[in-house]
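Visitor: I would like a close look at a single part of this structure, the surroundings of the ligand. Please take me through them step by step, and then outward into the aromatic contacts.

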Amino acid sequence: MAQMDRILQEQRLRTFLATESTISPVEVNAIENRINLLDLDEAGLRDFFESIGEKPFRAQQILKWVYHHAETDFQAMTDLGIALRQKLSLIAEIKLPEILQEQHSIDGTVKWLIGFNGGNAVETVYIPEPKRGTLCVSSQIGCALNCSFCSTGAQGFARNLTTGEIIGQVWLAAQALGHERNGQRKITNIVMMGMGEPLLNFDAVLPALSLMRSDLGFGFASRRVTVSTAGLVPGIYRLGEHIDVALAISLHSPFDEVRTELVPLNRKYPIAQLMQACRDFVSEKYKRTVTFEYTLIDGVNDHPEHARKLVKLLRTVPSKLNLIPFNPFPGTRYRCSSQDRISQFQEIVMQGGLIATVRKTRGEDIDAACGQLVGKVLDRTKRSERIKLQRAETTS
Ligand code: SAH
């Protein structure tokens, strides 16, 4: 197959060389290593077209074809001109990931297993509600952060997703759902709350966010695209400087000791630093707010004392609080708080003046709830650890 591709590519190259008098080094390089245009946002596409001697406005044409008309075949892009279409099919491609499986929950939630080169896969979830439809997108294959209550963390980490693999999830979900950009907008909100820590994959996530936001892309308003982080402080500042999107913080405890047990990253960026980053994020020129996510775990972080401390902490930032009942998964030592505890917790924080909602668990029957996304992680970290362990065992 790979050989067939190569032969075809060489044939195309010969035809190309016969019809074009000059070919730049950039083009030679691109022919050998076709560039996936899904990896580029508008700025990236403009640079790309300039680098191959074309007008930068071609970027807008391509974006409209791909994101407004869901067209990925250069030959169908009729306003590009035959020569340019031919050139593009030689040096570039529009390569989407692949839907490996689609599952429907009885509550309307849809979960896709989306596969990439090399056998890895992530999960993408669509959650319909009466007035909105939220798409939960993954940013990494697995996750390196190891939060003790999250099944994605328990799987280890394989690699970052590329921009094309991130925006490709939105593209595929939009197609599968019959989302119409200027008609029936099935997807109204995007949350980067799937597998992975988006701010640890900043360079690929940023262009993907820009494609979600841009009018030439999916055209979502700034408050309808949310980046959720376990608390990577430098990443929060970078995000605030580069793009206007909503921020969600996975807080889970107002006490450093408990938070470190749940989110080990807290050791590096403790609560005080994290809260300062949130205050700085909202105080910039845009009218921003932060959503704090708080997973309620029985006997760990659901005590009234936690609720009272949380009130004191969150009063200092314009924010909303999203309480998430813990979703169990095989092998976890944690349990979900009782209904009474959840209600009591919500009451205390609301009396304290916070805006707090309890997130309804969705898609439970297809394992699509928060922290249950597993995909298929061909785990490198775990493997190297295992090898080290094996070596240690064999040499001792
Ligand atoms: N790494 C980012 C993006 C993942 S978002 C982040 O941490 O924010 C996934 C959300 O679900 C996070 O708020 C996470 O803390 C929460 N979560 C993880 N495991 C969970 C579980 N088992 N039950 C309920 N919520 C969980």
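Guide: What follows begins with the ligand and its shell and then turns to the aromatic pairs, the charges over rings and two loop residues. Please keep in mind throughout that this is a predicted model.

The ligand is surrounded by 21 residues, and the closest are Phe149, Ser228, Ser250, His252 and Asn327. Sorted by character, the residues of this shell comprise 10 nonpolar, nine polar and two charged ones. Several side chains place polar atoms within the 3.5 Å cut-off for a polar contact. Two nitrogen atoms can be discussed together here only as contacts, one for each side chain: a polar side-chain atom of Glu197 lies 3.0 Å from a nitrogen atom of the ligand, while a polar side-chain atom of Thr295 lies 3.2 Å from a nitrogen atom of the ligand. An oxygen atom of the ligand is approached as well, since a polar side-chain atom of Glu293 lies 3.0 Å from it. Of the 540 Å² of accessible area that the ligand has on its own, the protein covers 95%. The elements that contribute two or more residues to the shell are the strands β10 (225–229), β12 (290–296) and β13 (319–325).

Strand β12 also leads into the aromatic contacts, for Tyr294 lies in this strand and pairs with Phe345 in helix α13 (residues 339–351), a link between distant parts of the chain that are 51 residues apart. The ring centres of Tyr294 and Phe345 are 5.1 Å apart and their planes stand at 40°, so the pair is classed as tilted, an angle of over 60 degrees being needed for edge-to-face and one under 30 degrees for stacked. Tyr294 has a relative accessible area of 0% and is therefore buried, and Phe345, with a relative accessible area of 1%, is likewise buried.

In the structure as a whole, the count of aromatic pairs comes to six. One of them joins Phe48 and Phe49, whose ring centres are 5.1 Å apart and whose planes stand at 65°, so this pair is edge-to-face. Burial, for which the relative accessible area must be under 20%, applies to Phe48 because its value is 7%, and it applies to Phe49 because its value is 0%.

Ring pairs also link Tyr67, Phe218 and Phe220 into a cluster, and a charge is found at one member of this cluster, where the charged end of Arg185 sits over the ring of Phe220 at 5.0 Å from its centre. Arg185 itself belongs to the loop between α7 (163–177) and β9 (189–192), and its relative accessible area of 28% makes it partly exposed. The C-alpha atom of Arg185 is separated by 8.9 Å from that of Ala174, a residue 11 positions away along the chain. A further arrangement of this kind involves Arg288, whose charged end sits over the ring of Phe281, 4.2 Å from its centre.

Another loop residue completes the tour. Ser139 is located in the loop between β6 (133–136) and β7 (140–142), and with a relative accessible area of 1% Ser139 is buried. Although Ser139 and Ile166 are 27 residues apart along the chain, their C-alpha atoms are separated by 6.2 Å.

Technical notes:
Residues numbered from 1 in each chain as written. Predicted model: local features only at pLDDT ≥ 70, side-chain atom pairs only at ≥ 80, totals over all residues. Heavy atoms only, no water. Near = heavy atom within 4 Å. Polar contact = N/O pair within 3.5 Å; in protein donor to acceptor, adjacent residues only side chain to side chain. Areas by Shrake-Rupley, 256 points an atom, 1.4 Å probe, with all protein chains shown as cover. Helix = DSSP H or I, 4+ residues; strand = E, 2+ residues; numbered from the N terminus. Nonpolar A, V, L, I, M, F, W, Y, C, P; charged D, E, K, R; others polar. Phe/Tyr/Trp six-rings, centres within 6.5 Å; stacked < 30°, edge-to-face > 60°. Buried < 20%, exposed > 50% of the residue type's maximum accessible area, 1.4 Å probe, protein only. Lys NZ or Arg CZ within 6 Å of the ring centre and 35° of its normal.
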